[in-house]
Structure formats: C-alpha cells, structure tokens
Amino acid sequence: MSIIKIDNLKRTYGTKVLTYALKGVTFEVSGGDFLIIMGKSGSGKSTLLHQLGLLDTPTSGEIFIKNENTKDLSEKKKTIFRLEKLGYIFQEYAILPELTALENVYLPLMVSSNNGKKDFKKTAMEMLKLVGLEHRFDHYSNELSGGEQQRVAIARALVNNPEVLFADEPCANLDTQASKNILDLLKGLNKKLGQTIIMVSHEPEDKKYADRILWLEDGLIVKDERVK
Amino acid sequence: MDKLNTALFLAYKAIVRGNIGTTILTISVMVLAFVNLLFLSSILLGLVNTMNRQGVDNLYANIVIEPDSEDKMISNASRVMTTVNGVPGVIGSSRHYKIGGFFTFDRNKNNQEVKSGQYSVISIDPNKEKKITNINKSIVYGNYLEENDRNKIVIGKDLAGGKSGSFEKDSLGGINVGEEVTVSFENGVTRVYEVKGIFNSKFVQSDKAAFITNDEMESILGIANAAHEIIVKTEDGVAESYYLEKFSSMGIKEDIYPWTDYMGMTESFSKSFTLIRTLLSAIALLVAGITIYIVIYINVLNNKKQIGILRAIGIDKKIIIISYTVQALFYAISGIVIGLVALNLILVPYFQVHPLEFPVGDVHLEIVQTELVLSAVSLTIAGFISGFLPTRQITNKTILDSIWG
Ligand SMILES: Nc1ncnc2c1ncn2[C@@H]1O[C@H](COP(=O)(O)OP(=O)(O)OP(=O)(O)O)[C@@H](O)[C@H]1O
Ligand SMILES: [Mg+2]
C-alpha cells in the first residue's frame, strides 16, 4: 500500500534567475520501505525531502500522504501533519539546547492530540531507551556527543508514531562508527517496527541499508532501483 | 490548555537555561528604562512641592487675611484672631506687620566698609509664631526672638551674607550674631538693632527677610492691635476654600486668600513643569519602548533557527509566539519589580538623606502613585509588543528560511 505518492513535483527557486531544483518528479513509496535518495551534490535531494516533509511548498505538482492531497491542507493542518504523521531528522543535530534529552523527546507529545493524555514522560523514556540513550535522559545538547544528539532527534521524530520518517544525511557530521550505529538503528526500526523511512545520502556504502534507491540527477529521477 | 502549558514550559526553560549574563543585562536595561521613566519627573515634582511647602512653612501658612482694599491695615487684629482661632481645624493664627527698611552695617564703625541694602522687616509675636511658621526652627546662629525683645533682630542668611555666598552681592557681607545693624524704616524712624539670630530656611524668599517683635514694631509705627496680615495655620486634609467661606460667614470683612494665591511664581513653574514632565515621560517611554524592542528583537533573532526547528517538528506558531511573548513579559516585569525596589529602597531613601539643594529648599524624589502605575503598565505593554511582533514576524517566514536563512 502506498503511503506517499508524488506527481510531477516541481520546485523552482528565485524570481529573476531561476533555479530548477526539481523538474517534475513522480513516484510512490510503499509502507514499510526503507528508501534512500541518492545523487550528486546539488541534484535536488534536500529540496525533494523538504517538499515531502511539508517544510516547503512546491512550485507545482502534488504530494499525497495516506491519500490526502497536502495541497489542500491549511497551514494549521500542515503543522498538525508534521507533528503527528511525519518525523524529520536534519543533517545538523537539530535538538533544542534549552531542553534536556527527555524534554526534547516529549515536547511533541505535549501538544499532540493523539497522546491520549498518557504519561508522556514514560513514552519519551521508552523512546530514548529504544535509541540506546537510557543513561542520558537529563543531559542537555552540550553534554551529548553528535551521535547521541542525532539519536535524541530520532527519538523525537518517532515519538508520535509517524507514518514516515525523513532523514536528510543524518550521518554527515558523524564519524564512521557513529554513522554505522545510527544507520543500524534506523534499519532496526524499519525491520522490527515496520517504520517507513525516506533517507537522503550520498554515501554509496549506505546502499546496503536500503530496500529501494532513487537516483536523482539535476532535479529528475534517473534511476529507480529495488534492492533485492 | 496544552498549548499554553507548552508555551509556558518553553518560556520557563529558555529563561532558566538562558545565558545568565544576557538575562542580567536584559533585566538591567528594563530596570533603567523603568527608573528613567520616573526619575526626572519625580525630581521636578519634588521641586514644585518643596517650593509650595516652603511658602506655607515660612511665609504664608495656609490662609492669609489682609486688610480689605480701602484700608492699609487690619484694625482690631485680636478680634479677627479670636474669631478665626475658634473655627475647628484651625491650629492657630499670627499677626504680622510688614514694612520696608534700609539696612546699614558698618563693621568697623569707621565708615570704611559699609554694607547696606533694602529689605523687608516682618514683625511677629515670637511665641504665637512658633505654632504657625518654621522660622524658630531654622535658626542656625544665635537665638530666636523672645516676647519682650526690643532692640533685637533676627535676620535671614541671605540678608546676613558671608556664609553661603549665593546672594552675597546684596547682603550685609557677613554680619555676625551680636553685631549691630542700623535700620531706617520707610516711615522715617531709624533704629539700631543687635543681631540676635540668623536663620536659614533654605527658601530664598524668606531668607532675605528680617524679624522683630510686634511690640517693637508697634512702637515704630505708633499703633496697637493692628496688622498688615494675619496668617492662619489649619490642619492638613481640609481644603483652604472651606475656611475661606467659614471665615467670611463668621463676619470677617477683611480679604481672605489661600496660600496658593501668593505662589504665583511656583504656579507658573508648576505649569511649565507639568508640560516638561509630560514631554520627558513621553520621550522616556519612547526610548524605553525602543530599547526593550531592540533587546527582545535580538533575543528572538538569535533563536530564529530554534523557532524554525520547533515549527518543523509541528509546534504550532501560536505556542512559539506565546512563549517568546511570555519571555519578554518576564524581562519587563522583572525590570519593573526590581526598578520599584530600587526606587523605594534605594533612590527615595537616598534623596531623603542627601536631598538636592535648590535655592527654594531641599528637594526629594516624589513619586506619584498614578505615574508609577502608568509607567509599569506602559513598560509591560512595551514588553508585550516587543515579544509579540518580532516572533510573529519570524514565524511568518517559511520554516526553511528560519532554519537556514
Ligand atoms: N533556497 C534556495 N534558493 C535558491 N536555490 C536553492 C535553494 N535551495 C536549494 N537551491 C538550489 O537547488 C538545487 C538543489 O539543491 P539541494 O539542496 O536540494 O541539493 P542537494 O542534492 O541536497 O545537495 P547536497 O548533497 O549538497 O546537500 C541546487 O542547485 C541549489 O543551489
Ligand atoms: Mg542536501
């Protein structure tokens, strides 16, 4: 079953000098897939992920998430969508420095309507355990390593049970070992929980984690590769 | 409710985890803005009030009774005083003669170094006067007059001269207690007096006067039981106008004036000061508002990326705006509270102990409650706007602009 479907998606930047970052991209993603978007620098990978994560508005084309056309969503609805249906991990460790690891993770639960008023601290703790940070609940970002911060970001992205988890080069700032740990973690989530993941990478080595690879070049899909 | 809780939670964490130096600096700016809003204005008010109080305490008491326009003097002064003193609320009254005199002081009695000048001489009943004015409390050298003093005179420090210097040119150049001064009165009588005391009321208008007893004055004028004016002291809290009517209704035919009628100069001062105070406050408020806006704006700008991240993970704009507005309000209100404490526990007591010395008397900081409330409210509003506007502006940008832009 397709969770995301995009149709002839275009994104053009600028007013006088136009940059065609996405020139008409069409594809579908099935639930449970681990999809990696690969391509050279400047090929439009981040731009594509921003559109899918509802962080930006495409110039034209459509994005369906669970059969809902996101074009029709109000700003408010989009916010709720980001909160409850999508998880987003940035390349930089985008955790809030004024909050502890635990607080960073339960923040989305505080405002979510589907938290069912359950004990959000407990849920957040479970999430942090899942990413292997049970000993770092009360640490602030300046007391965490890059890899640990990225795990907090992953826990935060997962805490509302999103339909899709987006990750834009989550390991770009990490060393090989930390990168491997993060990717293993993501793969585990994908395998054990059936979490749909769409990740951007330009590391050829990451291919082994993917179920499917989309190759982007100059704003267009040039190859759609199913791995095994 | 979830939204408000979340906003308050974020604001709380931002304040608690924020850079202590920045927090102190921000609050200090608020404190200064608040104190600045009240300080000059309070000094100007203190100045006006001092002028008024000095007029009442040293020259006019609360009510002045003068001969009606036909007469030169109040005749049968004791009748007027008995009537007036019988009115409830009247603390007492005293009668004065006032006459100009030309003072000559020849220090070495050899015509070498003669100082002279025209001053007004006021006569009093020394004991009755004590209840009405403060001259007896202002004696700085020598002594106050006694009932049966005849060839004794008490003079103001600006008349005596020599000691403080501000009106030195017109003074007697530093006459001392025990020395003799010759006074030629307007009616042709000339007498020699020993300076019994020198007073300093710090009020320029009274510090140029001289006092003798009524008995002495009556012998100069060849008159009895009369007065150029009777001044009446009343208890606080009742408007002078009440007594004006009361006195008239009790058959006092003389002209009756409240002390305010004699303070024309202060009144015009006071009017200009009100204008100046309003202007100063308006400017101070503007400066405070802009300062607060800039300080908060920089704070919000520094957190642009965080605001973008909050929005990216699905935190409602409203929560973000409330959170930053609450932070701005926290800074503003902390500034107001600390400013209040500084004013009431440091500045006001300081000026109580070290008043500003003006030629009209000692000036303290006088804060009007309504102005205080007004300043607090306007700063709170400035804080609110400073938190709200920049945050709304930043949350209206696209998410990616906030994070990367
Ligand atoms: N805000 C923007 N304004 C103008 N041009 C932009 C903007 N963002 C991206 N672009 C352009 O769009 C194109 C695609 O950029 P994008 O960031 O999607 O590349 P990418 O594949 O993620 O590259 P990298 O691997 O370096 O992250 C580039 O040519 C880039 O210069
Ligand atoms: Mg990129």
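Biologist: Which residue follows α1(A), and what is the sign of its phi?

Modeller: A:Leu54 follows α1(A), and its phi is positive, near 60°. This is a predicted model, in which local features need pLDDT of at least 70 and side-chain atom pairs count only at pLDDT 80 or more, while totals for chains, interfaces and linings use all residues. Residues are numbered from 1 along each chain as its sequence is written, chains are lettered from A and ligands numbered from 1 in the order in which they are written, and side-chain values use heavy atoms, with hydrogens and water left out.

Biologist: Is α1(A) largely enclosed or not, and why?

Modeller: Helices (H or I, at least four residues) and strands (E, at least two) are DSSP runs, numbered from the N terminus. Buried means under 20% relative accessible area, exposed over 50%, and partly exposed in between (1.4 Å probe, protein chains only). Seven of the eight residues of α1(A) are buried, so the helix is largely enclosed by the rest of the structure. Among the buried ones are A:Lys45, A:His50 and A:Leu52. A:Ser46, also in this helix, counts as partly exposed because its relative accessibility is 28%.

Biologist: What is A:Leu52 in contact with, beyond its neighbours in sequence?

Modeller: Contact means heavy atoms within 4.5 Å. Leaving aside neighbours within four places in sequence, the partners of A:Leu52 include A:Ile4, A:Phe27, A:Leu86 and A:Ile198. A nonpolar core is a set of buried Ala, Val, Leu, Ile, Met, Phe, Trp, Tyr and Cys residues joined through side-chain atoms within 4.5 Å. The largest one has 115 residues, and A:Leu52 is one of those touching the most other members. Apart from it lies another core, of 23 residues, including B:Tyr97 and B:Leu159.

Biologist: How are the two faces of strand β6 of chain A arranged?

Modeller: In a regular strand the side chains alternate between the two faces of the sheet. In β6(A), residues 86-89, A:Leu86 and A:Tyr88 lie on one side and A:Gly87 and A:Ile89 on the other, and all are buried. Two strands pair if DSSP finds at least two bridges between them. β6(A) pairs with β7(A), residues 164-168, in the parallel sense over four bridges. One bridge joins A:Ile89 to A:Ala167.

Biologist: Where else is phi positive in a residue other than glycine?

Modeller: B:Lys109 has a phi near 50°. B:Lys109 lies in the loop between β3 (90-106) and β4 (114-124) of chain B, and counts as exposed at 61% relative accessibility. A:Asn8 also has a positive phi, near 50°, but its place is in strand β1 of chain A, residues 2-13.
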